[in-house]
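Visitor: Could you walk me through how this chain packs its interior?

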Amino acid sequence: MRKIILITGASRGIGAATALRCAQAGHDVVLNYHREAAAAERVAQQVRALGAQAHLLQADVADPAQVLALFQRLDQQAGPLWGLVNNAGVVAPKARLDEMEPERWQRVFAVNVMGSLLCAREAVKRMSRAHGGAGGAIVNLSSRAALLGSPGLYVDYAASKAAIEAFTVGLAREVAAEGVRVNGVRPGIIATDIHADSGMSEELAAAAAGIPMQRLGRSEEVAEAIVWLLSEAASYTTGTMLDVTGGR
Ligand code: NAP
């Protein structure tokens with residue numbers, strides 16, 4: 001049966017790869033993006049070429065009013081929501097804590113943590129049997145950084161991802177008896193444009209040498225784990241984190 005899956009931050013990287021993998025698995029997708037409308041439209045066209053429906057919804061997930069509007073438009077345009085991938089996330093330039101200003105922490109936590117909480121709340125209201133829904137699945141994007149702490153890089157980002165992990169376990173247990181599974185994926189270093197935002201692009205080749213598999217991961221490899229956690233094959237899996245790190 002075709003299911004409707006909302007993917008936040010789907011204009012590029014892991015979110016775009018997840019949209020395509022969902023379409024290959026026979027699902028319809030709602031693609032959220034923030035700034036890059038043209039890139040999101042290209043992903044939507046690729047999804048449609050695979051025979052799936054793709055709806056495009058712009059919203060800043062850090063803004064509660066925009067998230068509410070996003071879900072209202074989703075209800076009107078796409079139909080009953082079955083899956084949510086809380087993928088939208090940001091980093092900030094490489095720095096030590098004693099070089100950072102609070103404004104960056106507010107943005108990192110607003111997008112990564114508030115954004116995921118806001119979207120999960122709206123998804124639970126639609127999926128949970130306690131709210132008259134038909135069940136569903138949520139996958140949250142954490143990071144290996146949640147366990148490593150990212151010293152000298154972005155401890156704020158690592159802390160935001162640790163928050164995602166606590167939230168994943170807690171929400172999973174809250175809604176486990178209501179037909180909703182909640183899990184997380186913990187990517188290692190994946191070759192996407194996010195590293196340009198932290199100023200780390202130049203250092204990626206050296207970082208690869210420190211990974212047991214001796215290479216960066218691909219967005220498609222993370223998407224595969226996300227789509228498995230969404231699927232019925234993971235029907236008894238909830239409240240867990242799946243590492244996709246090349247052994248790191
Ligand atoms: P990316 O290439 O930088 O893509 C980020 C996506 O998030 C873009 O589609 C962007 O939309 C969207 N986005 C950013 N801020 C948003 C906001 N406020 N509201 C809605 N959408 C927003 O990132 P990625 O590497 O694919 O990472 C995806 C997720 O995996 C993130 O949560 C990240 O923390 C996590 N992760 C990544 C890695 C890695 O090495 N790449 C490792 C561990 C975890 P626009 O382009 O339209 O603005």
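Guide: What follows is a short talk about a predicted model, turning to its nonpolar cores and then to one helix.

Visitor: Which residues have the most contacts inside the largest nonpolar core?

Guide: They are L6, F71, L81, L84, I138 and L171, in a core of 31 residues. At least two residues of this core come from each of β1 (4–7), α3 (64–77), α4 (102–127), α6 (155–175) and β6 (180–187), and α4 gives the most, with eight residues.

Visitor: And what is I138 in contact with, leaving aside its neighbours within four places in sequence?

Guide: With those neighbours set aside, the contacts of I138 include L84, A120, A123, V124, M127 and L171, together with V180, R181, V182 and N183. Another core, of 29 residues, lies apart from the largest one, and V29, W82, V85 and A225 are among its members.

Visitor: Changing topic, does anything stand out for you in α2, and which of its residues are buried?

Guide: The buried residues of α2 are A39, A40, V43, A44 and V47, and because they fall within an arc of 145° seen down the axis, they line one face of the helix. That buried set packs against α1 (13–24), β2 (28–33) and β3 (54–58).

Visitor: What does the face turned away from the buried side carry?

Guide: There, α2 carries the exposed residues A38, R42 and A49.

Visitor: How far apart are the end C-alpha atoms of α2?

Guide: They are 18 Å apart, which agrees with the 18 Å that the 13 residues of α2 (residues 37–49) should span at 1.5 Å a residue. Just after α2, G51 takes a positive phi of about 90°.

Notes:
Residues numbered from 1 in each chain as written. Predicted model: local features only at pLDDT ≥ 70, side-chain atom pairs only at ≥ 80, totals over all residues. Heavy atoms only, no water. Core = buried A, V, L, I, M, F, W, Y, C linked by side-chain atoms within 4.5 Å. Buried < 20%, exposed > 50% of the residue type's maximum accessible area, 1.4 Å probe, protein only. Helix = DSSP H or I, 4+ residues; strand = E, 2+ residues; numbered from the N terminus. Contact = heavy atoms within 4.5 Å. Expected span 1.5 Å × (residues − 1). Arc of directions from axis to C-beta.
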